[in-house]
Amino acid sequence: MEKIFTYRITTERSVKELIELRFKYILERTQLSLDQFIRSRLKRNNIALQPNDILYPNDSLDYIHLQSDEKDMPFSLEIRYEDEYIIAIEKPDFMPVVPRTSHYFNSVAYRIWDHFKTDEYTPLHRLDIETTGILLIAKKKKYTSAFHKLFQKKEIYKTYRAFVYGTFPKSVQTISGTIEKDTSSSIFSKYKLIQDHSEHSLTQITNVLHLNGFSDVTLAPITGKTNQLRIHLAAVGHSIIGDKKYYTDETIYLDWLNTKNDHLNQMILPSQALHATSVEFIHPFSGKQVFISSENQQLEHTKHTLMSFFNQQGN
């Protein structure tokens, strides 16, 4: 099975430079040589590319992506709520919600389409690739606008639990400020929080449990900025355990990008300990109050893993 991605070239560069920028990880997974990859997987204006070709602005580039390029990942559909208009599922770890170049067939949306044999099913919001928990999905595209209006009006209330490094202060009840690109960071996609008392981004802390070496924090995001909870927790000095991008030592994330080394000595967990625990809203079609909670036992397993780790550290 294959998927063709089409891109519009904006900057003049060689094909090999483009592969280094965009397709390096995929090339490694295909086990093709660089020249084989270029000739068999890339086309410019519907003509196969050659290894020494140069791409120019406005060229149309097709990339042919095969299902075999992706690691075979298990997916068990766990539905926590269903009605005529939506389903709510448990999103698994290490799987993006929306298909993208390196994770097309291993995306929640594609697995849902494949399961129900229709691409009408549409995720109503996103969770980071490593975030687990409740995800809402519309059964038909025509239903999405009604739910998006609830999100825009902040009438869908979500809660999360995060396990964070250290003793999170119970005096912190809200985290807010302006989120902007962190231009001082070596990580291109990293953001930072400017704590300027604005409500550009706002998170409420609803419960804090102190454990040996870490804290179990319940959060309610009032706004829904990209990476918001991860940024907010890192900004107050208590980043999420396993979150490589917002860990204090940026070399961990930069090395992971190239080697996929999880650095478990520092990270403890292979992925971030962030879980979407519940969603609550007034249904836009039925008018009924809907409350959906996660029943995923992985969160408690992660908690016990951390307790065991920190107990051993203390001995």
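Where does glutamine 272 lie? In this predicted model, glutamine 272 sits in the loop between helix H7 (264–267) and strand E16 (274–282). Being in a loop doesn't leave glutamine 272 out in the open, though: its relative accessibility is 5%, so it counts as buried, the cut-off being under 20%. Leaving aside residues up to four places away in sequence, glutamine 272 touches Asp128, Glu130, Thr131, Arg230, Ile240, Ile241, Gly242 and Asp243.

Stay in that loop for a moment, since isoleucine 268 is also found between H7 and E16. Isoleucine 268 has a positive phi of about 70° although it is not a glycine. That's worth a second look, because most residues other than glycine have a negative phi. Is isoleucine 268 buried or exposed? With a relative accessible area of 13%, isoleucine 268 is buried.

Now compare that with asparagine 46, another non-glycine residue with a positive phi, again of about 70°. Asparagine 46 is in a loop too, this one between strand E3 (42–44) and strand E4 (47–48). Here the surroundings are open: asparagine 46 has 59% relative accessibility and therefore counts as exposed, which takes over 50%.

Back to Arg230, one of the contacts of glutamine 272. Arg230 is among the buried residues of H5, along with Gln228, Leu229, Ile231, His232 and Leu233. Why can helix H5 (residues 228–235) be called largely enclosed by the rest of the structure? Because six of its eight residues are buried. What do those buried residues pack against? The list is all strands: E11 (157–165), E12 (174–181), E13 (191–194), E14 (201–211), E15 (214–221) and E16. Just after H5, glycine 237 takes a positive phi of about 85°.

Some of those strands pair with one another. E12 and E14 pair in the antiparallel sense over four bridges, and you can pick up the register from serine 176, whose bridge partner in E14 is leucine 202. E14 and E15 also run antiparallel, joined by eight bridges. Within that pairing, valine 208 has valine 217 as its bridge partner in E15. The hairpin of E14 and E15 has two residues between the strands, and in this hairpin glycine 213 takes a positive phi near 95°.

Valine 208 and valine 217 turn up again around phenylalanine 168. Not counting residues up to four places away in sequence, phenylalanine 168 touches both of them, plus Ile175, Ile205, His210, Ser215, Leu233, Val236 and His238. Leu233 in that list is one of the buried residues of H5.

Which residues have the most contacts inside the largest nonpolar core? They are Ile137, Phe168, Ile205, Leu219, Ile241 and Leu306, in a core of 43 residues. The largest share of this core comes from E11, with five residues. A second, separate core has 19 residues, including Ile9, Ile19, Phe37 and Tyr110. Ile241, by the way, is a residue you've already met as a contact of glutamine 272.

Finally, the empty spaces. The structure holds one cavity of 30 Å³ or more, and the largest cavity has a volume of about 40 Å³. Tyr25, Ile26, Arg29, His65, Asp69 and Ser102 form its lining. Helix H1 (residues 15–30) gives the most to that lining, with three residues. By character, the lining of the largest cavity divides into two nonpolar, two polar and two charged residues.

There are pockets to look at as well. The second largest pocket holds about 420 Å³ of space and is lined by 24 residues, with Asp93, Thr132, Asn296, Gln298 and Thr302 nearest its centre. Strand E8 (86–91), E16 and helix H8 (298–314) each supply at least two residues of the lining, and H8 gives the most, with five. Which kinds of residue make up the lining of the second largest pocket? Nine are nonpolar, 10 polar and five charged. E16 links this pocket to the earlier stops on the tour: it contributes to the lining here, the buried residues of H5 pack against it, and the loop holding glutamine 272 runs between H7 and E16.

How values were computed:
Residues are numbered from 1 along each chain as its sequence is written. This is a predicted model: local features need pLDDT of at least 70, side-chain atom pairs count only at pLDDT 80 or more; totals for chains, interfaces and linings use all residues. Side-chain values use heavy atoms; hydrogens and water are left out. On a 1 Å grid over the protein atoms alone, a cavity is a set of points where a 1.4 Å probe fits but cannot get out, and a pocket is an open set with protein on both sides within 12 Å along at least five of seven lines; lining residues have an atom within 4 Å of a point. Grid points are joined across faces, edges and corners, and a volume is the space filled by probe spheres set on the points. Ala, Val, Leu, Ile, Met, Phe, Trp, Tyr, Cys and Pro count as nonpolar, Asp, Glu, Lys and Arg as charged, and the others, Gly among them, as polar. Buried means under 20% relative accessible area, exposed over 50%, partly exposed in between (1.4 Å probe, protein chains only). Contact means heavy atoms within 4.5 Å. A nonpolar core is a set of buried Ala, Val, Leu, Ile, Met, Phe, Trp, Tyr and Cys residues joined through side-chain atoms within 4.5 Å. Two strands pair if DSSP finds at least two bridges between them.
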